[in-house]
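Please open the model in your viewer and keep the sequence panel visible. The tour goes from one selection to the next.

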Amino acid sequence: MNDDDYCATELGSHWFEHPAPDIEPDRVEGDVLRFGPGVTSVVARRAENTPTAALIWHGALPGGPPPASQPRRRRRPLRYVPAALILCAVLLFLAWWNFGPQVAVRSVAVTTPGQALDCNGTANVVGVVRANGRPGTFTYHWERSDGTRSGTLRETLSRGQEEASLHLLWTFHGTGSHRATARLVVTSPTSHTAEGTFAYHCT
């Protein structure tokens, strides 16, 4: 065996038998004694008489790969889960608010003057349309008991607006008494109808 190709092994101190007095170790590192160029014959004989399974080796064998380290599993912190769920809920609500269903009419009501109109008086008939707060446009028209009808009208609601007031001005002339009815008809996006009555009296 050539000395240039020789690589000394390392034995634990509890398997080490001190060499003859005339042999001193090159250096001492902890509980490991190193000798050069190799271990003594006494240590070699001791190792031969020792069961292989009982030997404790320090370091890697010559030319062998380094020992692989066990990868540590990272624990994902759970404290961020509630915040992530809240953020997802907010994003879903915003998506629904911006891209969800458009305006929907929930109810329609009509109010008329509480007292009879005097001569040549004008009635202010108010239709109240309640919606869902979504932006959009609905269509409607007015019908009067004298047989007349308005054209198709449109009302646009902005985001968050849940109510719209629609006015019909109805003017009377001449003498006599008359009981009038005004009807509000919403035609889209869904159909709704409401009406109110009032009196006209002129002598």
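What follows is a short walk through cysteines and a histidine in a predicted model.

**Stop 1: the disulfide.** Select Cys119 and Cys202. Their sulfur atoms are 1.7 Å apart and form a disulfide. A search of the whole structure finds one such link. Look along the S-S bond: the angle about it is 100°, and the link of Cys119 and Cys202 is right-handed.

**Stop 2: what the link joins.** Now show the backbone around both cysteines. Cys119 is in the loop that runs between strand E3 (105-111) and strand E4 (122-131), while Cys202 belongs to strand E9 (residues 192-202), so the disulfide ties together parts 83 residues apart in sequence.

**Stop 3: accessibility of the cysteines.** Switch on the surface and colour the cysteines. Is Cys202 buried or exposed? Cys202 has a relative accessibility of 6% and counts as buried, whereas its partner Cys119 is partly exposed, with a relative accessible area of 39%. Then select Cys88, which at 44% relative accessibility also counts as partly exposed.

**Stop 4: His192.** Return to strand E9 and select His192, which is placed in that strand. Which residues does His192 touch, leaving aside those up to four places away in sequence? They are Val105, Arg106, Val108, Leu184, Val185 and Val186. For Val105, display the backbone oxygen as well: a polar atom of the His192 side chain lies 3.1 Å from that oxygen. Val105 belongs to strand E3 (105-111), the strand before the loop that holds Cys119.

Key
Residues numbered from 1 in each chain as written. Predicted model: local features only at pLDDT ≥ 70, side-chain atom pairs only at ≥ 80, totals over all residues. Heavy atoms only, no water. Disulfide = S-S within 2.5 Å. Helix = DSSP H or I, 4+ residues; strand = E, 2+ residues; numbered from the N terminus. Buried < 20%, exposed > 50% of the residue type's maximum accessible area, 1.4 Å probe, protein only. Polar contact = N/O pair within 3.5 Å; in protein donor to acceptor, adjacent residues only side chain to side chain. Contact = heavy atoms within 4.5 Å.
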